[in-house]
Amino acid sequence: MYDSKAILPAMASLAASAMLIRSISNDFIPNEIRNFFFSKLHNLSYHFSSLFTIVIEEFQGIAKNEMFEAAEVYLGTKATLSAQRVRATKSEDDKKLAFSVDRDEEVTDVHENVQLKWKFVCVQLEDSSGFRHPNNYGAALRSELRSYELTFHKKHKEKVFDSYLPYVLEKAKHIKQQHKAVKLHTVEYEYWSRCAVNLSHPMTFSTLAMDAGRKKELMDDLDKFVNGKQFYRRTGKAWKRGYLLYGPPGTGKSSLIAAMANHLNYDIYDLDLTAVSTNRDLKSLLLGMSNRSILVIEDIDCTIKLQNREVDDELANNGDNKVTLSGLLNVIDGLWSCCGEERIIIFTTNHKEKLDPALLRPGRMDMHIHMSYCNFSTFEQLAMSYLGISQHKIFQQIEGLIGEVQVTPAEIAGGLSKSAVDAEHSLQNLVKFLDNKKMKQQDEAKNDQYVKDHEQEEK
Ligand SMILES: Nc1ncnc2c1ncn2[C@@H]1O[C@H](COP(=O)(O)OP(=O)(O)OP(=O)(O)O)[C@@H](O)[C@H]1O
Ligand SMILES: [Mg+2]
């Protein structure tokens, strides 16, 4: 056993000697020699050290280093836990606050049981003679060289290169995607408008009323799609997915698109086909879309000549370069298969029966989603969203009426939001509305029957 009484005085004298050497060296040894000596000592200690450090600088020449940007984003989510100081930023295009590590701060991380230490290092570039670092043109615009230093045990080198750094890149992409505000792009003068607006549609899957099973199926499908990188790569399929939403006006097709965009945090490209004159323009529009986005073509039955595909093909072959259904489908199938990832396309229609069979063929649109009139379950979801109630004595009466009347979620939503007094008043208003609608629909049915009977008699 060591004798602590003997060790303590020895350590004290060692420390005193070190201080003495340091002060002598400061006083008598010239700066250059001292720096040289200490830097050699530093290198020597590194040589025997078991640690390995990767330096990730902000710029490669004039280009930004993607790894640096990824580290900045990724560490921002860790920094709030382990660093002492963090920086907080938010631009107009961000949905939430973003944090990043402040200078000289350290952040620790663990990945597959490997302990990792990050440090954010800033070095002043300009010395007193105005000299700027020659190897770093990008940084020449700044007065400091910024980098992240990632330190870990030597034996984990392979794991860090092959698994951890790619993980940081991927994770940062995901975090950025979640942070940015969803944009809505529209066509202006035959191209995407230069100023996309923030989509501030509040609709989400929790406020959208639709069949619960169908909603879950769709959400699972979307999640599988966004997490399907490996699947699409393995199978060689283009990373795209198509949805056809159909149903009467006011059943929530556009609302569902907003809910999907908010769920995935994907931008929406709202394509009005009547604003596009040729297939060539269509091609450049589709090429101009960013990845992780949704192309929406509403009322597809009204905006493009769909009925006769052969005629479309003829037109295209004759050099008449008008936008055609085949042009649209070709571009989506062809172009998106070779460039672009994580693309979703949504067509909506009020009349599925009017669509060209080419669009309805199996394998064309991956999911057909019917948005239909309200049943009692969708009414309950709307009552929860609008009135915050899950039961009420008037519900039973409403259940009876909804079983007899064709009413859209938009009409129910309108009825429920009319009264500012209280939930009961809203529900009573809704009952009145449903009663009226029931009478109207009964009258219409009687009239239809009358016309039919007369037609039969005439025959
Ligand atoms: N399923 C729903 N859940 C919640 N609110 C809905 C739903 N459907 C409609 N609404 C309400 O009605 C409004 C109009 O609906 P929306 O525009 O989504 O219908 P649509 O099916 O796209 O109609 P159209 O065929 O006319 O384009 C929405 O803004 C929303 O407030
Ligand atoms: Mg709509």
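What follows is a look at helix α7 and the shell around ligand 1 in a predicted model. Local features were kept at pLDDT of at least 70 and side-chain atom pairs at pLDDT 80 or more, while totals for chains, interfaces and linings use all residues. Residues are numbered from 1 along each chain as written, with chains lettered from A and ligands numbered from 1 in written order.

The protein chain comes to 16 helices and 16 strands (DSSP runs, H or I of at least four residues and E of at least two, numbered from the N terminus). Of its 459 residues, 23% count as buried (20 or more other C-beta atoms within 10 Å of their own, with C-beta atoms placed from the backbone).

Helix α7 covers residues 253-264, and its end C-alpha atoms sit 17 Å apart, in agreement with the 16 Å expected for 12 residues at 1.5 Å times one less than that number. Most of α7 is covered, with 9 of its 12 residues buried; among them are K253, S255, I257 and L264. These buried residues pack against α5, β12, β13, β14 and β15 (contact meaning C-beta atoms within 7 Å). Right after the helix comes N265, with a positive phi near 60°.

Ligand 1 is surrounded by 15 residues (C-beta atom within 6 Å), the closest being P249, G252, S254, S255 and A410. Helices α7 and α15 each supply at least two residues of this shell. Domain 2 (183-370) and domain 3 (376-458), with bounds from an automatic or database assignment, both contribute to the shell, so ligand 1 lies between them.

Notes
Contact = placed C-beta atoms within 7 Å.
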